[in-house]
Amino acid sequence: MKLISLLCFILCSVAQAQRQKIDPISFGGVKLAEERMPIDLDSFAIQSEGTYAVSGAMVHDSLQWVRLDRALLLPRALLEVSFLAPATHRYSWSYADQKVIPLFDPTTGRYTAQIFVSLFESLPLSLTEDTRVVNVVRIIPSRQLRALLIDYSCAPYQVELSGIDNDFISVGCQVQRTGPFGEEKPYLEVLMTSAAYRMKDQSGPPYIIAFHATGAASISLVNYRGEEKVVKVSARVPKNLPRLRLAGGLGPYQLETEDKNGNKRHVIAPTAMLYGNFALNETSSLRFFDSYSRNSATFHNWGTYFAWDLAEFCDQRCVLTSLIGAQGVEFRAAGAGATQSDLILPQGLEFIYKHPFGQLNYKFSYGMFASFSGLYDYQNIWIRYGKSTFWELNYIDWRQDDRRAAMVGLSIGFPLGSFF
């Protein structure tokens, strides 16, 4: 548990240190989105217009995947641009509202700069001499290629896009709650960016298509040649966003018990589970569970706790959550007349991996509760996989003084309903 606590501290520190606007998610040569969409930097041409003969080339091995506004997944890479000019030091590059001052080499008379550029955004670079723009450089994708990246954040809403070819496009989603408590509705923002096309007023991407209900919207875009395309974006939006979700579970479990006289029994016990989750906000919730196993012996374990996301990593697909609360245990050994009850305070953690192995809307989770008290011995470990319907492998072991109950088995979980 000390190792887990240290891991939580490190991950929280990393999460706090990340930039809010652009969040690099590459670790050395490992690029998390590479398997979904390999990017060949040779697929982009560099075009310059203006006073100076500007030469440009992509710097190989500089590709990174970043997130814009925590929703839109974009590739970026270093672009090296250079030109011959007098040593007046009056030049600067402008890109995405940033100014970059080039380096001057007196032995060659060349100004050189390396600038991170977004490959999926139609943003030109401008070379300024004093206050006058003298050159414009564009990164143009190959007209023979088409790549559409719809991010995992859009998976619950079945977002589709059509109407544009020979372009690199990225789409991301973020949803907000609107309306009074108990009647909250989703407000879905679909963010779209194109490598070659912009809106007619030349406003920069990303472009936001807002869905308050299921439907479709069209947007007219033009490239720098004046060629026009009409892009259609559709999405399915649920009618409401309930905060309380209930699920049940059923399965055969092996129940091992030991009474105060040391008599041990192993039986197969039908087991029923109840799960509840009440969302407080995007990162915290109140949860409860109830597990009831009965054969010749009875073992009943329930709990309620506050769940709080400690950190997100692996491009927001991995979440580490703390579980703080209390549990109750009711145990009746075979042949015993009375049921013994106990209130315990184990604390836990849960790790969730979203969209595992490329399975959209699925979740893989590993969780555990452990005892920090010498008054009792308790463990609860589970592995869960699925989406609305899921499989769960669960192990619970409780011991106090000379009494013990342990259960292990596989169950299937299913939704019961959602409210508020």
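**Figure 1. C173 is a buried cysteine that is joined to C154 in a disulfide.** C173 has a relative accessible area of 6%, where buried means under 20% relative accessible area, exposed means over 50%, and partly exposed lies in between (1.4 Å probe, protein chains only). The model shown here is predicted, so local features need a pLDDT of at least 70 and side-chain atom pairs count only at pLDDT 80 or more, while totals for chains, interfaces and linings use all residues. Residues are numbered from 1 along each chain as its sequence is written, and side-chain values use heavy atoms, with hydrogens and water left out. The sulfur atoms of C154 and C173 are 2.1 Å apart, and a disulfide is defined as a pair of cysteine sulfur atoms within 2.5 Å. The structure holds one disulfide. C154 lies in the loop between strand 14 (147–150) and strand 15 (160–162), whereas C173 belongs to strand 16 (residues 168–178), so the pair ties together parts that are 19 residues apart in sequence. Strands (E, at least two residues), like helices (H or I, at least four), are DSSP runs numbered from the N terminus. The torsion about the S-S bond of C154 and C173 is about 100°, so this disulfide is right-handed. C154 also counts as buried, because its relative accessibility is 1%.

**Figure 2. C314 and C318 are two cysteines without a bond between their sulfur atoms.** The closest cysteine sulfur to that of C314 is the one in C318, and the distance of 3.5 Å is too far for a bond. C318, in turn, takes part in no disulfide. Is C318 buried or exposed? C318 counts as buried, because its relative accessibility is 5%, whereas C314, with a relative accessible area of 36%, is partly exposed.

**Figure 3. E184 meets R177 and also R243 in salt bridges.** A salt bridge is counted when a side-chain nitrogen of Lys or Arg lies within 4 Å of a carboxyl oxygen of Asp or Glu. Side chains of opposite charge can pair when their charged atoms come close. From N to O, the distance is 3.4 Å for R177 and E184, and 2.7 Å for E184 and R243. E184 lies in the loop between strand 16 and strand 17 (185–194), and R243 lies in the loop between strand 21 (228–235) and strand 22 (244–258), so this pair ties together parts that are 59 residues apart in sequence. E184 and R243 are buried, while R177 is partly exposed, with a relative accessible area of 29%.

**Figure 4. E49 and R138 meet in another of the 13 salt bridges that the structure holds.** The distance between the side chains of E49 and R138, from N to O, is 3.8 Å. Because E49 lies in strand 4 (residues 44–50) and R138 in strand 13 (residues 132–141), the pair ties together parts that are 89 residues apart in sequence. E49 is partly exposed at 49% relative accessibility, and R138 is partly exposed with a relative accessible area of 25%. Elsewhere, R90, E129, D130 and R132 are linked in a network of salt bridges.

**Figure 5. S293, in strand 24 (residues 284–294), makes a polar contact with T271.** The contact joins the side chains of S293 and T271 at 2.7 Å. A polar contact is a pair of N or O atoms within 3.5 Å; within protein, one atom must be able to donate a hydrogen and the other to accept it, and residues adjacent in sequence count only if both atoms are side-chain atoms. S293 counts as buried, because its relative accessibility is 0%. Leaving aside residues up to four places away in sequence, S293 touches A269, P270, T271, T298, F299 and M407, where contact means heavy atoms within 4.5 Å.

**Figure 6. Q114, in strand 11 (residues 110–118), makes a polar contact with E80.** The side chains of Q114 and E80 are joined in this contact at 2.7 Å. Apart from residues up to four places away in sequence, Q114 touches V59, L78, L79 and E80. Q114 is partly exposed, with a relative accessible area of 41%. Q114 and L41 are 73 residues apart in sequence, and their C-alpha atoms are 15 Å apart in space.
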